[in-house]
Amino acid sequence: MTTAQTPPAKHEAKHQPASFGSEHIVYIFFVAIGAWVAARFLDGGVPVVAAALVAALVPKEHGWSVRGPIAVTAGLLALLIVRMWPMAGAGAEAAAPPAESAHLLSWIIGLPIAGAIAVLLIPRESQRALQWTTLGLMLATLAISLRMLSVPMGRGYHFNQDIVWLPRFGVHYHVAVDGISLWLVLLTTFITPIAAYASFGSPAPPGRGQTPESTSPALPGRGRTLKEWCFALLLLEAGMLGSFLALDLFVFYVFWELMLVPMYVMIGVWGGSNRIKAAIKFFLYTMFGSVLMLAAILYCGIQARTFDVVELQQKLPLMTEISPQTQSWLFAAFAVSFAIKVPLFPFHTWLPDAHVEAPTAGSVILAGVLLKMGTYGFLRFAIPFFPQAAQAHTPLIVALSTIGILYGSLMAMAQSDIKKLVAYSSVAHLGFCMLGIFSGTLQGAQGGVLQMVNHGLSTGALFLLVGVIYEKTHRRGVDDFGGMAKVMPVYATLFMIVTLSSIGLPGLNGFVGEFLVLFGAFPEHPKATAFAAVGVVLGAVYMLKLYRDVFFGPVTRPEREGIGDVGRAELGYLLPIVALIILLGILPNLVLSKTERAVDAVVKTYRQGAR
């Protein structure tokens with residue numbers, strides 16, 4: 001007599017004991033941060049958090065891949081209703097502004113430096129301790145930096161700390177923040193821990209030796225070099241934060257150069273097969289610009305007898321000792337250094353190689369933060385120091401920005417490597433930022449600053465998504481995939497949201513920034529604006545073509561069918577970026593309201609240069 005076999009229960013997995021790992025801690029941290037920010041800084045923040053939590057608990061039979069997006073959507077809808085409700089935020093103006101801590105910015109800069117020193121003292125074998133120390137200090141820096149949102153940003157600087165450092169040379173440790181640097185600091189403290197967490201990833205498969213895969217861009221945060229990797233990440237974050245917050249030219253230059261070393265090491269040590277060439281190219285380009293800027297800094301400091309940025313912004317435009325020709329050369333020295341970092345056409349050739357060869361986390365930080373150093377430098381130093389020279393060079397810069405938009409878009413269309421395609425798209429997107437900054441209008445400059453933040457989120461997310469598929473397949477060519485929406489539906493959904501954000505779909509973050517740039521630039525530069533609008537169309541062409549080739553149609557390679565969708569760890573660092581992409585698309589004024597006065601001050605200084 002045959003005994004009937006009992007089929008395995010389909011829902012056995014649901015009764016397995018729940019596990020608690022690092023990804024849950026990341027979820028809890030970001031939920032707690034979101035709840036605190038909403039309740040502290042957004043009117044009606046409690047209903048928003050309540051809606052998100054309730055939505056996350058309703059579909060209990062599904063995992064976080066389903067519940068997470070539902071919660072984010074519910075929270076955003078509640079936020080939209082609350083912000084549009086009549087009398088929302090009434091009486092907020094009557095409240096006294098909170099006190100500003102004189103040491104807050106030093107804590108923001110100092111925590112990553114302290115973390116870099118701390119990881120040197122942790123044994124190399126304690127890999128979990130290295131990872132959690134690095135990630136914990138980065139998250140602490142993020143939490144502290146959110147305190148800056150409590151202060152209404154005016155035309156001046158906030159959280160000032162000015163300490164005499166080298167009195168004989170007039171050098172001060174002077175740090176402060178305004179509406180322009182505020183969002184770049186927050187972008188840095190937000191993107192860096194996400195990049196670090198993504199680089200730690202899942203443990204490498206046992207038995208993997210020093211093959212090309214083990215030294216590929218997907219695996220720098222594991223193995224024997226983890227200690228050096230954590231040190232480089234923390235030191236790089238400190239350098240970026242110091243550059244955005246320094247208001248002394250000497251201190252700014254120290255942090256500016258401090259950024260160069262960790263990124264050079266990241267590319268040269270943990271990069272791909274051509275990493276040495278890419279690292280040297282990155283180093284030479286950046287050092288060339290840095291030397292020019294150093295010469296200009298020394299000349300300005302000696303002539304004005306101060307390195308303080310605020311004093312230099314007041315003195316340099318009015319100094320009769322500096323002839324217009326000399327001002328033009330000084331502006332050119334600053335401009336070339338910043339144009340290389342943007343990068344502005346034709347100084348862009350180092351960027352595709354650096355992006356392609358850099359590890360995933362390096363590409364995310366490079367696109368998300370480091371490129372913004374160039375555009376920030378124009379807003380903080382080049383234009384306020386030399387408004388007349390900026391006006392004289394505007395036609396050239398606008399022309400190069402427009403060429404960069406078209407050239408970057410056309411080059412992206414021709415790429416078969418997904419990572420290189422995204423790298424060339426950065427050239428086009430940063431061209432929009434430069435066009436807005438030199439439009440000479442408040443709307444254009446506001447759009448340029450907003451687009452800096454948008455690019456950091458969208459392109460950073462694209463590099464993370466490319467890193468996910470590369471780690472699973474060790475391939476990133478467009479022809480290596482096809483029909484991936486059937487294999488990885490959640491991944492395909494996230495990629496689609498970020499793609500639409502990158503091409504400026506209304507309702508997502510990229511639309512408002514591009515619109516403001518084109519709207520603000522058209523009255524002053526109608527021909528350049530028309531060509532830039534063509535770049536918007538080309539951006540949609542190459543991004544949608546990429547999505548079609550990779551995700552639609554039949555599965556072209558059978559070996560891809562078993563790779564699996566994104567896991568909880570990947571969702572842990574992708575969903576927060578996607579949430580911000582949607583949030584800033586619905587409420588761009590969260591950024592614009594903080595930047596308006598600081599940007600308006602720069603625009604007025606720029607326009608005074610025409611007199």
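## Salt-bridge exercises

Asp600 and Lys604 are separated by about one helical turn because they lie four residues apart in helix 23 (residues 589-608). Helices here are DSSP runs of H or I with at least four residues, and strands are E runs of at least two, numbered from the N terminus. This is a predicted model, in which local features need pLDDT of at least 70, side-chain atom pairs count only at pLDDT 80 or more, and totals for chains, interfaces and linings use all residues. Residues are numbered from 1 along each chain as its sequence is written, and side-chain values use heavy atoms, with hydrogens and water left out.

**Exercise 1.** Describe the contact between Asp600 and Lys604.

- Start with the contact: their side chains form a salt bridge at 3.5 Å, N to O.
- Check the cut-off: a salt bridge needs a side-chain nitrogen of Lys or Arg within 4 Å of a carboxyl oxygen of Asp or Glu.
- Now the surroundings: Asp600 is buried at 14% relative accessibility, while Lys604 is partly exposed at 44%.
- The cut-offs are under 20% relative accessible area for buried, over 50% for exposed, and in between for partly exposed (1.4 Å probe, protein chains only).

**Exercise 2.** Find the partner of Arg124 and place both residues in the chain.

- Arg124 pairs with Glu228 in a salt bridge, with the closest N and O atoms 2.8 Å apart.
- This pair links distant parts of the chain, 104 residues apart: Arg124 sits in the loop between helix 4 (104-121) and helix 5 (127-145), and Glu228 in helix 7 (residues 226-245).
- Arg124 is partly exposed at 26% relative accessibility, and Glu228 is partly exposed at 34%.
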